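User: I would like to learn how to read the features of a model like this one, taking them one at a time. Could you give the general idea for each, and then the case at hand?

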Amino acid sequence: MGRMDDAVGVLQHEFRSAEGSFLLRLRCDLVWDREAFSRLERAMRQICEQNQAAERLDRWMAEGFYDVATQVPGWTGHPRFPRPEPEAYYVACIERLGDLADWFFRGWHAYQEPHAWREL
């Protein structure tokens, strides 16, 4: 299985909120799973890279990118949402989700090349 296939599989798992997914743990357990977030974020980045020149996008993927970028901030924005990490980490993660959704839908990201996406 290649990198692209792995990323697609991760996104299918995540966007369905399957068992052990970042989104399921976040929404149902109110747990920000840092490792699961990193897995989701890396897969989203890989898909963005691969789809920059795409003329058509799969609906399930578009819905997933949109949902992640619009729903995660609301779910985690409540003042009582548990945040064991420094606040700057969550701010950077939410910003990254928005940046990735923007990149996915536009076909380019807003950063000047060469741009290195730092791990969060």
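User: Where does Y90 lie, and is Y90 buried or exposed?

Analyst: Helices (H or I, at least four residues) and strands (E, at least two) are DSSP runs, numbered from the N terminus, and in this predicted model Y90 belongs to helix α5, which covers residues 87-106. Burial is read from relative accessible area, where buried means under 20%, exposed over 50% and partly exposed in between, with a 1.4 Å probe and protein chains only; Y90, with a relative accessible area of 4%, is therefore buried. Y90 and P73 are 17 residues apart in sequence, and their C-alpha atoms are 9.3 Å apart in space.

User: What conventions should I keep in mind for the numbering and the values?

Analyst: Residues are numbered from 1 along each chain as its sequence is written, and side-chain values use heavy atoms, with hydrogens and water left out. Since this is a predicted model, local features need pLDDT of at least 70 and side-chain atom pairs count only at pLDDT 80 or more, while totals for chains, interfaces and linings use all residues.

User: What is the mean pLDDT of the chain, and where is confidence lowest and highest?

Analyst: pLDDT is the predictor's confidence in each residue, from 0 to 100. Where pLDDT is low, the predicted coordinates should not be read in detail. The chain has a mean pLDDT of 91, with 96% of its residues reaching 70 or more; confidence is lowest in α1, at a mean of 86, and highest in α4, at 96.

User: How many helices and strands are there in the chain, and how is compactness judged?

Analyst: The chain has five helices and zero strands, and from the N terminus on its elements run α-α-α-α-α. The radius of gyration, taken over C-alpha atoms, is compared with a globule rule of 2.2 Å times the number of residues to the power 0.38. For this chain the radius of gyration is 14 Å, close to the 14 Å that the rule gives for 120 residues, so the chain is as compact as a globular protein of that length. Along the principal axes, the C-alpha atoms fill a box of roughly 40 × 30 × 25 Å, and 38% of the 120 residues count as buried.

User: How do I read aromatic pairs, and how many are there?

Analyst: Rings of Phe, Tyr and Trp (its six-membered ring) pair if their centres lie within 6.5 Å, and planes under 30 degrees apart count as stacked, over 60 as edge-to-face and the rest as tilted. By this rule the count comes to 12 aromatic pairs. One of them is the edge-to-face pair of F15 and F65, at 5.9 Å centre to centre with 75° between the planes; because F15 lies in helix α1 (residues 3-15) and F65 in helix α4 (residues 59-76), this pair ties together parts that are 50 residues apart in sequence. Both F15 and F65 are buried. F22 and F37 also form an edge-to-face pair, at 5.4 Å centre to centre with 65° between the planes, and since F22 lies in helix α2 (residues 22-29) and F37 in helix α3 (residues 34-50), the parts that this pair ties together are 15 residues apart in sequence. F22 counts as buried at 0% relative accessibility, and F37 counts as buried at 1%. Ring pairs also link F15, W60, F65, F104 and F105 into a cluster.

User: What should I look for in α3?

Analyst: The expected span of a helix is 1.5 Å times one less than its number of residues; α3 has 17 residues and reaches 24 Å from its first C-alpha to its last, close to the 24 Å expected. Residues buried in α3 include F37, L40, E41, M44 and R45, and E41 counts as buried at 2% relative accessibility. A polar contact is a pair of N or O atoms within 3.5 Å; within protein, one must be able to donate a hydrogen and the other to accept it, and residues adjacent in sequence count only if both atoms are side-chain atoms. The side chains of E41 and R45 make such a contact at 2.7 Å. D33 caps the N-terminal end of α3, with a side-chain oxygen 3.1 Å from the backbone nitrogen of E35.
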